[in-house]
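Visitor: Please choose one part of this model for a close look, and show me how it ties in with the rest of the chain. I would like the cut-offs as we go.

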Amino acid sequence: MPENFLVIEEFVAPSDLAAFNEAQQKAVDLWKKHDFGISLYTYRTAESSIYWVIPIENFGGIDEVFSKANEVVAKMEADGYDADKEFKDLSTTRQSVLHWAKDLSYHPNGNMGQTADNPYCEWLFVSLRSGHEKAAAGVIKKYIEFYNSIEETEEWDVYAVALGYDTPMWILMFRDESELAMRQHEAALGEKYEDTFRELWMEFSTHIRKIENQKGWFLPGWSLNLPE
């Protein structure tokens, strides 16, 4: 699994969502026509934004992504697609670079990465207290030890913001087939292990400045060149 990702977060006003979707679908069709040579994981969120997640080797990979983007934009323009005109007033963006924390992520069955059968996602944006990264990592490892000691399973990924806003920040990502399935799974675990979860969360929360939750869905139709 790749360990570094360029994330472009695109914000769309709800009133502009239909127009944005139409313009973006045209763009995606042309990306595929012209073999846009990058891997791209695409998600929409419950707040009408889009996450474009691109694996990169290192920071130098950012230049490679934009070089390939310029090449495909030139081909799209030759087809008569004017991106500036199509997307005018429809969205704004911000960028960050994430590093996948392999030792803090948990996939006991080895099912790493995004799959079409688990399209529902939740992200916890955890803003850590400065200097608390090592202690917070220790608590997550306690969660891993706990799950290793019981029959039930859970899976998650932890990404550290290497370049972006409001650092130090970790992003915890959870996936399931639907929101209902995720809530049912949480409820079953909570009923059985409530005291342990409360104890672990109280310890973890001492290292947090603030936490925000985001819901979303994987968009395979707007994703590109994904591993089989």
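Guide: Two residues are in contact when they have heavy atoms within 4.5 Å of each other. In this chain, residues 24 or more positions apart account for 84% of the contacts with a separation of 6 or more. The model is a predicted one, so to read it fairly: local features need pLDDT of at least 70, side-chain atom pairs count only at pLDDT 80 or more, and totals for chains, interfaces and linings use all residues. Numbering starts from 1 along each chain as its sequence is written, and side-chain values use heavy atoms, with hydrogens and water left out.

Let me set the scene before we go to the loop between β6 and β7. The chain has five helices and eight strands (DSSP runs numbered from the N terminus: H or I of at least four residues for helices, E of at least two for strands). In sequence order, these elements run β-α-β-β-α-α-β-β-α-β-β-α-β. The radius of gyration is 19 Å, which agrees with the value near 17 Å for a compact globule of 228 residues (taken over C-alpha atoms, with the globule rule being 2.2 Å times the number of residues to the power 0.38). Along the principal axes, the C-alpha atoms fill a box of roughly 60 × 35 × 35 Å. As for burial, 43% of the 228 residues count as buried (under 20% relative accessible area, with exposed over 50% and partly exposed in between, for a 1.4 Å probe and protein chains only). About 12,600 Å² of the chain is exposed, and carbon and sulfur atoms supply 50% of that area (Shrake-Rupley method, 1.4 Å probe; for residues, only the protein chains shown count as cover).

Now to our loop, where D166 is a good place to start. The phi of D166 is positive, at about 55°, although D166 is not a glycine. Just along the loop, a cis peptide bond joins T167 and P168, with omega about 0°, and P168 belongs to the loop between β6 and β7 as well. Both features deserve a second look, because most residues other than glycine have a negative phi, and most peptide bonds are trans.

D166 also reaches out through its side chain, which meets that of R209 in a salt bridge of 2.9 Å, N to O (a side-chain nitrogen of Lys or Arg within 4 Å of a carboxyl oxygen of Asp or Glu). R209 lies in strand β8 (residues 208-218), while D166 sits between β6 (157-163) and β7 (169-176), so the pair ties together parts that are 43 residues apart in sequence. With a relative accessible area of 26%, D166 is partly exposed; R209, at 41%, also counts as partly exposed.

That link belongs with some others elsewhere, since a search of the whole structure finds 17 salt bridges. One of them pairs K33 with D79, the closest N and O atoms being 3.1 Å apart. K33 is in helix α1 (residues 17-33) and D79 in the loop between α2 (60-78) and α3 (83-87), so parts 46 residues apart in sequence are tied together. K33 counts as exposed at 53% relative accessibility, whereas D79 is partly exposed at 37%. Another bridge joins D103 to K141, with 3.8 Å between the closest N and O atoms. Here the loop between β4 (91-100) and β5 (120-128), which holds D103, is linked to K141 in helix α4 (residues 133-148), 38 residues away. E122, E179, R183, E186 and K215, in turn, are linked in a network of salt bridges.

For a contrast in setting, turn to S105, in the loop between β4 and β5. S105 is buried, with a relative accessible area of 9%. Its C-alpha lies 4.3 Å from that of D157, although the two are 52 residues apart in sequence. Beyond its neighbours within four places in sequence, S105 is in contact with W100, I144, W156, D157 and V158.

Finally, the positive phi of our loop has a counterpart at D35, which is not a glycine yet has a phi of about 55°. D35 sits in the loop between α1 and β2 (41-45), and is exposed, with a relative accessible area of 63%.
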